[in-house]
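Reader: I have a structure to look at and would like to understand the words used for it. Could you walk me through them?

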Amino acid sequence: MRCPNCGSLEDKVLESRTMVNGESIRRRRECLGCGYRFTSYERIDEKPFFVVKNDGRRQPFDRTKLEKGIENALKKRPVPTTQVEQLITDIEDAAIRQGREEREIGTAELGEIVLQKLYETDKVAYIRFASVYKRFENIEEFLNEIKKIKNINK
């Protein structure tokens, strides 16, 4: 660490403290060249996780956007808030695991993860989300999706 007073690269750490839920470390240092004491902070610099849109654009993964879509699908459904939060976390974790190598996931893959998790949680919410995600244009598409659910559950 370069001393802000004399520019020397020789220092010693006097004290280290973990800050903000373990997300950073505060270190008190003393320059061995001039004796000046100063503070430095360390934190992990993570690469962002991206969602690749159908047109090729990349956007940072936005948990808030995911929450909004899930909450709309589950609106007025008998699913406890704690279960909704866990569902959102499970979807986020699955997306990050699936896109770990490239640090990105396509919207199609993300949509399929959401559909699978909603199917396991609440069939009505699944149909609601599928109708938007798959862009249903008429009642036949709704009925076909419902028939698929009925056939799977037999």
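**Why these words fit**

Author: Gladly! H1 and H2 are oblique to each other, and this is a predicted model.

Reader: Why are H1 and H2 called oblique?

Author: Helix H1 (residues 63–73) and helix H2 (residues 81–98) pack at an angle of about 130 degrees, with their axes 10 Å apart. Angles over 145 count as roughly antiparallel and 65 to 115 as roughly perpendicular, with oblique for the rest. The angle of about 130 degrees falls in neither range, so the pair is oblique.

Reader: What makes the contact between these helices?

Author: From H1 come Arg-63, Leu-66, Glu-67, Ile-70 and Glu-71, while H2 brings residues including Val-84, Leu-87 and Ile-91. Across this contact there are six nonpolar, one polar and five charged residues.

Reader: How do you know that strand E2 and strand E3 pair?

Author: Two strands pair if there are at least two bridges between them. Seven bridges join E2 (residues 24–31) to E3 (residues 37–43), so they pair, and they run antiparallel. One of the partnerships is that of Ser-24 with Arg-43 in E3. Five residues lie between the strands of this hairpin, where Gly-35 takes a positive phi near 85 degrees.

Reader: What makes E5 and E6 edge strands?

Author: The open sheet has three strands in the order E5-E4-E6. Strand E5 (58–60) and strand E6 (104–106) each pair on one side only. E4 (residues 50–52) pairs with E6 in the parallel sense over three bridges, and Val-51 stands opposite Ile-105 in E6. Helix H3 (residues 107–121) packs on the sheet, touching E4 and E6.

How values were computed: Residues numbered from 1 in each chain as written. Predicted model: local features only at pLDDT ≥ 70, side-chain atom pairs only at ≥ 80, totals over all residues. Heavy atoms only, no water. Axes fitted to C-alpha atoms, helices over the stretch in contact; angles between N-to-C directions. Helix = DSSP H or I, 4+ residues; strand = E, 2+ residues; numbered from the N terminus. Parallel < 35°, antiparallel > 145°, perpendicular 65-115°, else oblique. Contact = heavy atoms within 4.5 Å. Nonpolar A, V, L, I, M, F, W, Y, C, P; charged D, E, K, R; others polar.
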